[in-house]
Amino acid sequence: EVQLVESGGGLVQPGGSLRLSCAASGFHFSDYAMSWVRQAPGNGLEWVSSINWQGNNPYYAESLKGRFTISRDNAKNTLYLQINSLEFEDTAVYFCAKDRSLSPLVGGYPELEVWGQGTLLTVSS
């Protein structure tokens, strides 16, 4: 059974940094691209970032590029999202998700098949 378990969320002050993690199991992690998607309170889903199977080709939503860094450790079957200079608008449930293939589509947009349950990040002073 494919499982994705996010962790690392919590209450964080603006301007700080945080790293989210996603532990994957039940499939060959290194054969698939992975993504982060978020949903702010009252809003719809927003694609954040994707990364290819090897981890050498990251992609980001244009508005988030610069503060977000996606990475993966295939030996640990784990996906990461580093967020710097946290803003109030970053408050959201962050989901990791498994893509259908080795790499995202052109521009980094994913074709997501399996989602985790999400981890809540609240940015507040």
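**Exercise 1: Charges.** In this predicted model, find how far apart the mean positions of the positive and negative charges are.

*Solution.* Start by counting: the protein carries 8 positive and 12 negative charges. Next, take the mean position of each set; the two means lie 5 Å apart.

**Exercise 2: Fold and overall dimensions.** Work out which secondary structure elements the protein has, and decide whether its radius of gyration agrees with that of a compact globule.

*Solution.* Let's begin with the elements: there are eleven strands and zero helices. Along the sequence the pattern therefore reads β-β-β-β-β-β-β-β-β-β-β.

Now for the dimensions. The C-alpha trace spans about 40 × 30 × 25 Å along its principal axes. For 125 residues, a compact globule would have a radius of gyration near 14 Å. The protein has 13 Å, so the value agrees with the globule rule.

**Exercise 3: Surface and contacts.** Describe how much of the protein is buried, what it exposes, and what share of its contacts joins residues 24 or more positions apart.

*Solution.* First, buried residues make up 42% of the 125 in the protein. Second, the exposed area is about 6,400 Å², with carbon and sulfur atoms supplying 47% of it. Third, consider the contacts with a separation of 6 or more: 59% of them are between residues 24 or more positions apart.

**Exercise 4: A loop residue.** Locate N52, classify N52 as buried or exposed, and list what its side chain reaches.

*Solution.* Step one is the location: N52 sits in the loop between strand 5 (45-51) and strand 6 (58-60). Step two is the classification. The relative accessibility of N52 is 3%, and the cut-off for buried is under 20%, so N52 counts as buried.

Step three follows the side chain of N52. It reaches the backbone nitrogen of G55 at 3.1 Å and the backbone nitrogen of N57 at 3.0 Å. Finally, leaving aside neighbours within four places in sequence, N52 is in contact with A33, N57, R72, L102, S103 and P104.

**Exercise 5: A strand residue.** Place A24 in its strand, classify A24 as buried or exposed, and name its contacts beyond four places in sequence.

*Solution.* Begin with the strand: A24 belongs to strand 3, residues 18-25. At 10% relative accessibility, A24 counts as buried because it falls under the 20% cut-off.

Next come the contacts: outside its neighbours within four places in sequence, A24 touches Q3, L4, F29 and N77. To finish, try one distance: the C-alpha atoms of A24 and G118 are 13 Å apart, with their positions 94 residues apart along the chain.

Technical notes:
Residues numbered from 1 in each chain as written. Predicted model: local features only at pLDDT ≥ 70, side-chain atom pairs only at ≥ 80, totals over all residues. Heavy atoms only, no water. Helix = DSSP H or I, 4+ residues; strand = E, 2+ residues; numbered from the N terminus. Buried < 20%, exposed > 50% of the residue type's maximum accessible area, 1.4 Å probe, protein only. Contact = heavy atoms within 4.5 Å. Polar contact = N/O pair within 3.5 Å; in protein donor to acceptor, adjacent residues only side chain to side chain. Rg over C-alpha atoms; globule rule 2.2 N^0.38 Å. Areas by Shrake-Rupley, 256 points an atom, 1.4 Å probe, with all protein chains shown as cover. Lys, Arg positive; Asp, Glu negative; His and termini not counted. Charge placed at Lys NZ, Arg CZ, Asp CG, Glu CD.
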